[in-house]
Amino acid sequence: MAQTQPAQARPWNPSAGFKHTDRERWICVYPAYINSKKSLKEGRRLQKQICVENPTCQEIKDVLIQSGLHIGIENKVYPRELDHRDPKCRGRVRVMLKTEDGEPFSEKFPDRDSVLTFIAETIPKLKTRIAGNQSSQQPAQTQQASKGGQKKKGRKGK
């Protein structure tokens with residue numbers, strides 16, 4: 001079962017000797033890493049064909065909890081993000097990749113790229129994404145059908 005840790009990580013101190021299981025050693029995943037709308041300069045880490053259009057921190061969290069990884073959510077903004085106040089851009093997910101002895105926590109996820117690829121492949125399969133695509137198509141069709149039968153209002157005597 002996925003487990004979340006305390007909200008804030010301790011400041012990094014090289015002499016403190018953090019273990020791989022300490023939150024400070026976990027990898028960070030920002031939504032910008034897998035956003036197909038971003039360029040490499042803006043922070044995308046994967047190929048554009050693999051990436052997802054405008055992923056959210058909540059979607060990343062849902063996918064990682066489902067996979068059984070230990071995660072932590074932080075209210076941070078990616079430094080390259082242009083609008084820091086935009087709530088859609090907020091959020092950073094920390095993921096524990098290695099056990100205390102340095103071995104991969106899950107054989108399915110040996111490194112950071114495997115986690116990012118898994119997230120990018122799984123987010124389009126989420127129910128919220130599938131339901132969102134269908135509902136966004138239907139209103140456009142109903143609006144077009146209803147425009148033909150409308151009467152013009154506000155014209156005198158016509």
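This briefing introduces the fold, the sheet, the helices and a few selected residues of one protein chain. The model is predicted. The protein chain has 158 residues, and 35% of them count as buried. Three helices and three strands make up its regular elements. Read from the N terminus, these elements follow the order β-α-β-β-α-α.

**Overall picture**

- The accessible surface of the protein chain is about 10900 Å². Carbon and sulfur atoms account for 48% of that surface.
- Take the contacts between residues at least 6 apart in sequence: 58% of them join residues at least 24 apart.
- The structure holds zero disulfides.

**The sheet**

- The three strands form an open sheet, and their order is S1-S3-S2. The pairing is antiparallel.
- Strand S1 covers residues 27-29 and strand S2 covers residues 71-77, and both stand at the edges. Each has a single partner strand, so one side of each is left without a neighbour in the sheet.
- On average, neighbouring strands of this sheet are turned by 30° against each other, direction ignored.
- Strands of a sheet pair through backbone hydrogen bonds, in a parallel or an antiparallel way.
- Strand S3 spans residues 90-95, and its antiparallel pairing with S2 runs over five bridges.
- One bridge can be named: isoleucine 73 has valine 93 in S3 as its partner.

**The helices**

- Helix H1, residues 57-67, lies across S1, S2 and S3. H1 runs at about 20° to S3.
- Helix H2 is formed by residues 112-122. Its buried residues include Ser114, Val115, Leu116 and Phe118. Ile119, Ala120 and Thr122 of H2 are buried too.
- What do the buried residues of H2 pack against? They pack against S1 and H1.
- An α-helix has 3.6 residues a turn, so residues three or four places apart point the same way.
- Helix H3 takes in residues 127-147, and arginine 129 is found there.

**Arginine 129**

- Is arginine 129 buried or exposed? Arginine 129 is buried, because its relative accessible area is 17% and buried means under 20%.
- The side chain of arginine 129 reaches the backbone oxygen of glutamate 53 at 3.0 Å.
- Residues up to four places away in sequence are not counted in its list of contacts. Arginine 129 touches Val52, Glu53, Asn54 and Pro55, among others. Glu59, Ile123 and Pro124 are also touched by arginine 129.

**The cysteines 28 and 89**

- Cysteine 28 is found in strand S1. With 16% relative accessibility, cysteine 28 counts as buried.
- Cysteine 89 is likewise counted as buried, at 15% relative accessibility.
- How far apart in sequence are cysteine 28 and valine 93? They are 65 residues apart in sequence. In space, their C-alpha atoms are 5.7 Å apart.
- Setting aside neighbours within four places in sequence, cysteine 28 is in contact with Tyr33, Arg92, Val93, Arg94 and Arg112.
- Valine 93 thus links two topics here. Valine 93 is in contact with cysteine 28, and valine 93 is the bridge partner of isoleucine 73.

Technical notes:
Residues numbered from 1 in each chain as written. Predicted model: local features only at pLDDT ≥ 70, side-chain atom pairs only at ≥ 80, totals over all residues. Heavy atoms only, no water. Helix = DSSP H or I, 4+ residues; strand = E, 2+ residues; numbered from the N terminus. Buried < 20%, exposed > 50% of the residue type's maximum accessible area, 1.4 Å probe, protein only. Contact = heavy atoms within 4.5 Å. Areas by Shrake-Rupley, 256 points an atom, 1.4 Å probe, with all protein chains shown as cover. Pairing = 2+ DSSP bridges. Axes fitted to C-alpha atoms, helices over the stretch in contact; angles between N-to-C directions. Polar contact = N/O pair within 3.5 Å; in protein donor to acceptor, adjacent residues only side chain to side chain. Disulfide = S-S within 2.5 Å.
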